Amino acid sequence: AELLRMSDIALYQAKAAGRNTWRFYAEGMNAHLLARRQLEQELRFALADDQLRVHYQPRYATLTGSLRSFEALVRWQHPERGLLPPDTFIPLAEETGLIQPLGRWVLEHACRQAMAWPSDIGLSVNLSPGQLAENEDIVAVVANALHSSGLPANRLELEITERVLLDHAHSALKTLTALRALGVRLSLDDFGTGFSSLAYLRKYPLDGIKIDRSFIAHLTERGNDQAIVQAMIDLGRSLGMTVTAEGVETLEQLECLQRHPCDEVQGFHFSKAVPAEKLGPLFASSVAGESGPV
Ligand code: C2E
Ligand code: MG
Ligand code: MG
């Protein structure tokens with residue numbers, strides 16, 4: 001029985017590593033599994049116990065510096081471990097199916113909060129592959145979040161990654177078309193990583209691309225990255241899409257993006273993601289242009 005239990009654990013690890021591989025059982029694996037199971041239970045509880053938070057990071061027009069929208073980024077206010085970033089629990093939520101109730105909660109919560117903002121300020125929300133699974137009617141979920149909050153559809157943008165398109169190769173087009181028919185915008189997040197298949201830009205009804213921050217990070221040092229970013233900007237714009245640069249951390253990067261302009265910029269140079277109740281000064285700065293990006 002003990003041997004079988006150990007081989008089971010090793011099998012689980014091999015599957016978790018992407019299948020088609022093998023693992024030797026090791027003592028630590030058991031502890032790892034237990035820790036994961038505990039985290040899963042805690043996350044389940046967190047959803048019911050109102051421990052999730054949504055922070056918002058501003059997106060600005062590159063040339064004028066005016067505030068365009070906020071991206072909703074989920075956090076977990078863990079009772080013992082403090083405020084946890086999404087990387088520590090979104091992958092687990094994806095694996096366990098908890099991403100569906102979690103994603104619904106973020107959508108509803110963020111749409112409701114956005115109703116308190118000026119009416120020309122948009123909201124973007126990230127969607128994971130699991131939220132487009134067959135057992136989840138994402139179109140109804142989004143429609144419901146809009147309806148119950150009263151947020152006009154044209155103020156909402158949904159950010160998907162290439163993984164959504166890969167995981168749902170057969171159904172993504174239909175789902176995304178239906179989402180867009182609601183009147184929401186769709187953008188491709190982390191663009192430039194993954195396969196970056198240009199066919200996606202042709203096949204799917206996308207309104208924007210967000211250039212991954214790994215390209216922006218070396219914008220002012222490496223000639224290659226500058227060439228790639230400029231090409232992505234030209235490509236997106238000539239397809240009529242809004243091009244957003246993510247992860248703008250320095251003035252030099254911003255200036256570079258103003259010389260060969262993309263539409264929007266987002267990053268720590270302007271602001272980190274902050275709780276809804278701290279957004280006030282960001283609305284003000286966009287009007288006064290004082291601590292705004294330009
Ligand atoms: P993302 O959608 O690409 O979000 C941008 C991430 O980059 C955020 O990290 C943001 O805080 C970070 N970031 C923004 N500006 C800068 C910068 O100038 N420098 C650096 N180094 N980082 C910057 P965060 O909040 O940890 O989120 C990580 C990822 O988790 C997100 O990447 C998104 O894929 C996922 N995520 C966040 N919230 C949700 C959610 O509600 N649902 C789903 N499905 N995924 C979410
Ligand atoms: Mg995003
Ligand atoms: Mg991104």
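**Ligand and magnesium sites**

Asp 189 bridges the magnesium ion (ligand 3) and the magnesium ion (ligand 2), and the two ions lie 4.1 Å apart. The model is predicted, so that local features require pLDDT of at least 70 and side-chain atom pairs count only at pLDDT 80 or more, whereas totals for chains, interfaces and linings use all residues. Residues are numbered from 1 along each chain as its sequence is written, chains are lettered from A and ligands numbered from 1 in the order in which they are written, and side-chain values use heavy atoms, with hydrogens and water left out.

The protein donors of ligand 3 are Asp 189 (OD), Asp 190 (OD), Glu 246 (OE) and Glu 246 (OE), at 2.0 to 2.5 Å from the ion. Donors are N, O and S atoms within 2.8 Å of the metal (3.2 Å for Na, K and Ca); water is not among the atoms, so sites may look incomplete. Along the sequence, the donor residues of ligand 3 follow the spacing D-D-x55-E. Distant parts of the chain are thereby linked: Asp 190 belongs to strand β6, and Glu 246, 56 residues apart from it, to the loop between β8 (242-245) and α11 (251-259). Helices (H or I, at least four residues) and strands (E, at least two) are DSSP runs, numbered from the N terminus.

The magnesium ion ligand 2 is coordinated at 2.0 to 2.2 Å by Glu 71 (OE), Asn 126 (OD1), Glu 159 (OE) and Asp 189 (OD). The spacing of these donors along the chain is E-x54-N-x32-E-x29-D. Here Glu 71 in strand β2 and Asp 189 in strand β6, 118 residues apart, link distant parts of the chain.

Two residues of the metal sites also approach ligand 1 through polar contacts (pairs of N or O atoms within 3.5 Å; within protein, one must be able to donate a hydrogen and the other to accept it, and residues adjacent in sequence count only if both atoms are side-chain atoms). A polar side-chain atom of Asp 189 is 2.8 Å from an oxygen atom of ligand 1, and a side-chain N or O atom of Glu 246 lies 3.3 Å from a ligand oxygen. Phe 268 contributes a backbone N or O atom, 2.8 Å from an oxygen atom of ligand 1.

Around ligand 1 there are 22 residues (each with a heavy atom within 4 Å); Arg 75, Ser 128, Asp 189, Glu 249 and Phe 268 come nearest. Strand β2 supplies the largest share of this shell, 4 residues.
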